[in-house]
Protein chains: 2
Amino acid sequence: MPLLSIKDLHEAAVRIAPFARQTPVMTSRRIDEWLGCEAFFKCENLQRTGAFKFRGACNAVFSLEDEEAARGVVTHSSGNHGAALAEAARLRGIAAYVVMPANAPPVKRAAVLEYGGIVTECLPTLQAREEAAARIIAETGATLIHPYNDWRIIAGQATAAAELHAEIPDLDVVICPVGGGGLAAGTALATHFLAPACRVVLGEPQAVNDAWQSLQQGRIVPVQAGTTIADGLRTSLGELTFPVLRDHVEQIVTVSEAEIVTALRMLWTRMKLLVEPSSAVAAAAASRARSRLEARRVGIIVSGGNVDLDHLPWTPSSARTGP
Amino acid sequence: MPLLSIKDLHEAAVRIAPFARQTPVMTSRRIDEWLGCEAFFKCENLQRTGAFKFRGACNAVFSLEDEEAARGVVTHSSGNHGAALAEAARLRGIAAYVVMPANAPPVKRAAVLEYGGIVTECLPTLQAREEAAARIIAETGATLIHPYNDWRIIAGQATAAAELHAEIPDLDVVICPVGGGGLAAGTALATHFLAPACRVVLGEPQAVNDAWQSLQQGRIVPVQAGTTIADGLRTSLGELTFPVLRDHVEQIVTVSEAEIVTALRMLWTRMKLLVEPSSAVAAAAASRARSRLEARRVGIIVSGGNVDLDHLPWTPSSARTGP
């Protein structure tokens, strides 16, 4: 059973309230026509640092005792968690050490630096990342904050679904994307506690369907090599997140790259929301499973909006200079 | 003096309330750092049909007497007004005839058709457009709804600024883009009536600075040939809008194409809002005039979010398939 109670979830909500945004829930008639249901989008792309990751990072950083916090926090993440941890640490006035592979996109490194993070480059291997983090911990005494396999992180991520259920109390289904499972486990637990009649469905790219395989096989199947534009989801489940998903998720819907791009463009053009491909995975899952879900009111967690505008998943694009 | 009273403005607000969205006002700490002020963005990109234009079109369509309305409405617009009029007419259950030049972008024609508009193609000249509209009026008895030179339209557009002032009552300056001047005149009048201490500033592309020239010369200077990515602003002021701007606008700030693109990318990446280049013109004006404005609290009307994703104003873009 998860070591996370409704009390932990409530404490996380109180802890991050001074810092995190209570993001809006948005709807669109045209999106509803597309999906064939009433869809409620919880807009974590409008969260601080542009992703739900700030919730977990903020809860973890502000859970630390003063003495512990003073030595800083460390993580290895090339994505939104690194930026979120840097911002949470900045707000607490402590150091955030972020280990990033040397081949991480410049835009991601820039984000971490902009929030005041201290970036350490390493070779792009798991071993090199872990060694770099261990070295920083040995030198500074900083606390490791894992991107998802940490109850403080999961409790923080759970606050997004908690807010959604509070605002839209009668959802039939809530859908979010799954990567390492921090958001998914948080969403599943918040729904279990706060809206037990609501089912939990996850969206995952077919190209990296390790979470789907894991639920099928009843054990953690590591993510295979695979390319997807939903780059935030190329992560294996963790020991804490897997059992939560096994116990509280109804199904995982896998979607193709083409379906992700279609959903991405729908959210951009119909809702005018800049969302990242990982977020479109949840909408794509809602579209693919529309008949199967038999759901009238569907909550969708829009996980983030950090997009590299110079590398959009469609071509061609050209400067527009005339009518 | 304008033939528009605060009573007209109030009636427009009541008339469109069942149909138009009361759009959110959004803020961003990082945008504030960029602009050096507290900026409040009135998000008309989240308005029905993706632009403020729905407000004016809706007010005009629902201002008609039943008998008049039954014969339909007609306009010539290749842009957001055509789509907005089609949607407003659909809501009233009447026909909307939209005359569009044959070379209009397919995405614009698709939008008008999607909202149920009846599209008539014509040659891309003013004369051809007016002849086509006149022929439709002769055949159907439809009422011409001009995109901006119409008090019903101006009163409708004014409701955006009215909502902004109601929500953020102590703005020092409000900034919006200017094309034909419907939004600008509406914003100026709403501000004059509801927040008289607040100054009104307009943003305009340098490439089509006819409004700036018009205020300089004290007469309507027609828009010159010029290319700008803010394609919604390539329009001359009208006989109704010009005197309002002359009497109630403090200054027009012109901005370069590069400044528009910079502002566009800032709004997309920092605020996660999909806005169209015309909207970025207002933010670019706020950035350019930051010292001159000496304003602490600045309202910015985000005019719309209808963007052709296949023709973005930056290059290169390529499919992103790996880390």
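This passage describes domains, sheets and helix packing in chains A and B of a predicted model.

Chain A is considered first by its domains. The domain assignment splits chain A into two parts. Domain 1 of chain A covers 6–51 + 150–302. Domain 2 of chain A covers 54–144. Taken over C-alpha atoms, the centres of domain 1 and domain 2 of chain A are 24 Å apart. Domain 1 of chain A brings 19 residues to the contact, and domain 2 of chain A brings 15 residues. On the domain 1 side of chain A, α1 (6–16) and α8 each supply at least two residues. Helix α8(A) gives the most to this side, with 7 residues. By class, the side of domain 1 of chain A that touches domain 2 of chain A holds 8 nonpolar, 7 polar and 4 charged residues.

Helix α8(A) also packs against another helix. The partner of α8 (residues 151–167) of chain A is α9 (residues 182–194) of chain A. Their axes come within 7 Å and cross at roughly 50 degrees. Angles of 65 to 115 degrees count as roughly perpendicular and those under 35 as roughly parallel. The crossing angle therefore makes α8(A) oblique to α9(A). The crossing of α8(A) past α9(A) is right-handed. From α8(A), the contact involves I153(A), I154(A), A155(A), Q157(A), A158(A), A161(A), A162(A) and H165(A). From α9(A), it involves G182(A), L183(A), A185(A), G186(A), T187(A), L189(A), A190(A), T191(A) and L194(A). The residues of this contact between α8(A) and α9(A) comprise 11 nonpolar, 6 polar and no charged.

An open sheet of 4 strands is also found in chain A. The strand order is β5-β4-β3-β6 (chain A), and the pairing is parallel. Strands β5 (118–122) and β6 (143–144) of chain A stand at the edges. Each has a single partner strand, so one side of each is left without a neighbour in the sheet. Strand β6(A) pairs with β3 (residues 73–76) of chain A in the parallel sense, over 2 bridges. Within this region, V74(A) has L144(A) in β6(A) as its bridge partner. Helix α7 (residues 126–140) of chain A lies across β3, β4 (96–101), β5 and β6 of chain A. Helix α7(A) runs at about 160 degrees to β4(A).

Chain B is described next. In chain B, 4 strands form an open sheet in the order β5-β4-β3-β6, with parallel pairing. Its edge strands are β5 (118–122) and β6 (143–144) of chain B, and each pairs on one side only. Strand β3 (residues 73–76) of chain B runs parallel to β4 (residues 96–101) of chain B, and 4 bridges join the two. One of the bridge partnerships links V73(B) to A96(B) in β4(B). Helix α7 (residues 126–140) of chain B packs on the sheet and touches β3, β4, β5 and β6 of chain B. The direction of α7(B) makes about 160 degrees with that of β4(B).

Further pairing in chain B involves strand β2. Strand β2 (residues 38–43) of chain B pairs with β1 (residues 25–26) of chain B in the antiparallel sense, over 2 bridges. Here M26(B) has F41(B) in β2(B) as its bridge partner. Strand β2(B) is also joined to β10 (residues 297–302) of chain B by 6 bridges. Strands β2(B) and β10(B) run parallel. The bridge partner of E38(B) in β10(B) is R297(B).

Note on methods:
Residues numbered from 1 in each chain as written. Chains lettered and ligands numbered in written order. Predicted model: local features only at pLDDT ≥ 70, side-chain atom pairs only at ≥ 80, totals over all residues. Axes fitted to C-alpha atoms, helices over the stretch in contact; angles between N-to-C directions. Parallel < 35°, antiparallel > 145°, perpendicular 65-115°, else oblique. Left-handed = near helix turned anticlockwise from the far one by under 90°. Contact = placed C-beta atoms within 7 Å. Nonpolar A, V, L, I, M, F, W, Y, C, P; charged D, E, K, R; others polar. Pairing = 2+ DSSP bridges. Domains from an automatic or database assignment.
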